[in-house]
Amino acid sequence: MHFSIPETETRAGDGGAAYVAYNIHVNGVLHCRVRYSQLLGLHEQLRKEYGANVVPAFPPKKIFTLTPAEVEQRREQLEKYMQAVRQDPTLGGSETFNSFLRKAQQETQQIPTEEVVLEVLLSNGQKVKVTILTSDQTEDVLEAVASKLDLPDDLVGYFSLFLVRETKDGAFSFVRKLQEFELPYVSVTSLHNPEFRIILRKSYWDSSYDDDVMEHRVGLNLLYAQTVSDIEHGWILVNKEQHRQLKSLQEKVSKKEVRLPSEQIKEGSFKVTRMRCWRVTSSVPMSNGPSGSSPGKSEVKLELAFEYLMSKDRLQWVTITSPQAIMLSICLQSMVDELMVKKSGGSIRKMFRRRVNGALRRSDSQQAVKSPPLLDSPDASREPMAKLSSKLTSVSLRGISHSSSANDVGANDFHGNYAFEGIGDEDL
């Protein structure tokens, strides 16, 4: 997730006094609006729980009213602070941090806590209506949907809720996977657009996990509906023979046989285990107009660049220009995390929240995976990689006069891949 504070607002408080509000965006969309004092309270709570040596430095208080330049400086400092907290696996995954963001999201959208009915889509277009609270977090809503579908508890962790945008022809474009720091009802209703919906889909990449899910009738039905839907939407490309086989299996209702085709039609493919590291950058074309002229509205161009093992001892940068570059990076991160969990012998099943005498507890169904040390760079001139557990938290905005190449990608914001395998030519 990319956290940013791109703007501030001057607002009136309860007593009429003006204050500066900092707009926190997640993946370019407004998540919440907070005051400096609120973020300071979060910082103090994190220091109390985790110690001053773990929590990053926080912008200091000012005695006098801030000048516009000082407001801008504080905005930049707070943005870096939020990115650093989110990047830390302990702080960014803490209930203190996530609950702060959930509460701030609800307060910003001014949605009171009340019982509502939320509609969640399945891949086949079926709608599941669940009764929840507007303040229920993502995991609460996921468990409510699973309960409505009679999906066993030990299979819930294989699925997630996603925010999508439905087009007029019934197709979907994915916005993001809903996170633990947001309230699904607030996230979808705050967009004020009926095209945005919430859909339930499997949340893993390795198809070998399909066997676990298909052991139960509901899990089998969900995978079957998703596979058929993905083929119909063209997200899984099949040839005519595979399409004929699919129709035959559908007529026979042979759901277990409707699996992702082993040989898909592809324009090109890259193995995640050959990606040594990656980074997302954004660029804005600089205005060529006269000095002092009003710059035209320029579209920000996002790029995902990754260093790929083309052959033994030969790494090459590959750059993909796409408005979905941030989403691609998040997907890469989740693939690598899943690979590392599997290699360690752990489970991808989530640790579920359980209510025992009114208190929330978590089961120990998921094995913890310890992050390995920093990667040693094959290139001695390069800096060490960032930790695998680091999330996408830094997208640098660079003014350029032409398209940038992967060669000018700096080393500070790399995402190191601990699933990287430096194997020989015969295996490539």
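Start by selecting Asp210, which sits in helix α8 (residues 210-213). This is a predicted model, so keep the confidence colouring within reach. Is Asp210 buried or exposed? Its relative accessibility is 5%, so Asp210 counts as buried. Now add Tyr158 to the selection: the two residues are 52 positions apart in sequence, yet their C-alpha atoms are 9.3 Å apart in space.

**Zoom out**

Show the whole protein chain as a cartoon. You should be able to pick out 11 helices and 15 strands. Of its 428 residues, 44% count as buried. If you draw a contact map and keep separations of 6 or more, 63% of those contacts come from residues 24 or more positions apart. Switch on the accessible surface and you have about 23,200 Å² of it, with 49% belonging to carbon and sulfur atoms.

**The three-stranded sheet**

Next, select β1 (3-12) and β2 (18-26), then add β3 (29-35). Together they make an open sheet in the order β1-β2-β3, and the pairing is antiparallel. The edges are β1 and β3, each of which pairs on one side only. Look along the sheet and you'll see the twist, which averages 30 degrees from one strand to the next.

How many bridges join β1 and β2? There are eight, in the antiparallel sense. To land on one of them, pick Glu9: its bridge partner in β2 is Ala21.

Now bring in the helices that lie on these strands. Helix α1 (36-50) is one to display; it lies across β2 and β3 and runs at about 90 degrees to β3. Helix α2, in turn, lies across β1 and β2, at about 135 degrees to β1.

**Along helix α2**

Stay with α2 and select residues 68-87. Put a distance between its end C-alpha atoms: the value is 29 Å, against the 28 Å expected for 20 residues at 1.5 Å a residue, so the two agree.

Which residues of α2 are buried? Show side chains for Val71, Arg74, Arg75, Leu78, Glu79, Tyr81, Met82, Gln83, Val85 and Arg86. While you look at how they are spaced, remember that an α-helix has 3.6 residues a turn, so residues three or four places apart point the same way. The buried residues of α2 pack against β1, β2, α1, α3 (89-92) and α4 (95-109).

**Aromatic stops**

Now select the aromatic side chains; the count comes to 11 aromatic pairs. Go to Phe3 and Phe181, whose ring centres are 5.4 Å apart with planes at 65 degrees, so this pair is edge-to-face. Phe3 is in strand β1, while Phe181 is in the loop between β7 (172-177) and α7 (184-189), so the pair ties together parts that are 178 residues apart in sequence. Both Phe3 and Phe181 are buried.

For another edge-to-face pair, try Phe58 and Tyr81: their ring centres are 4.9 Å apart and the planes meet at 90 degrees. Phe58 belongs to the loop between α1 and α2, and Tyr81 to helix α2, so here the parts tied together are 23 residues apart in sequence. Phe58 counts as buried at 13% relative accessibility, and Tyr81 is buried too, with a relative accessible area of 2%.

Before moving on, go back to Phe3 and add Phe97: along with Phe181, they form one aromatic cluster.

**Helix α5 and what follows**

Select residues 138-149, helix α5. Its 12 residues should span 16 Å at 1.5 Å a residue, and the end C-alpha atoms are 17 Å apart, which agrees. The buried residues of α5 are Thr138, Glu139, Asp140, Val141, Leu142, Val145, Ala146 and Leu149. Step just past the helix to Asp150, where phi is positive, about 65 degrees.

**Backbone oddities**

That phi deserves a little context. Most residues other than glycine have a negative phi. Two further stops also go the other way.

Pick Gln110, in the loop between α4 and β4 (115-121). Its phi is near 55 degrees, a positive value in a residue other than glycine. Gln110 counts as exposed, at 69% relative accessibility.

Finish at His192, in the loop between α7 and β8 (196-202). Here phi is positive at about 50 degrees, although His192 is not a glycine. Is His192 buried or exposed? With 68% relative accessibility, His192 counts as exposed.

Notes: Residues are numbered from 1 along each chain as its sequence is written. This is a predicted model: local features need pLDDT of at least 70, side-chain atom pairs count only at pLDDT 80 or more; totals for chains, interfaces and linings use all residues. Side-chain values use heavy atoms; hydrogens and water are left out. Helices (H or I, at least four residues) and strands (E, at least two) are DSSP runs, numbered from the N terminus. Buried means under 20% relative accessible area, exposed over 50%, partly exposed in between (1.4 Å probe, protein chains only). Contact means heavy atoms within 4.5 Å. Accessible areas come from the Shrake-Rupley method with a 1.4 Å probe; for residues, only the protein chains shown count as cover. The expected span of a helix is 1.5 Å times one less than its number of residues. Two strands pair if DSSP finds at least two bridges between them. Axes are lines fitted to C-alpha atoms, for helices over the stretch in contact, and angles run from 0 to 180 degrees between N-to-C directions. Rings of Phe, Tyr and Trp (its six-membered ring) pair if their centres lie within 6.5 Å; planes under 30 degrees apart count as stacked, over 60 as edge-to-face and the rest as tilted.
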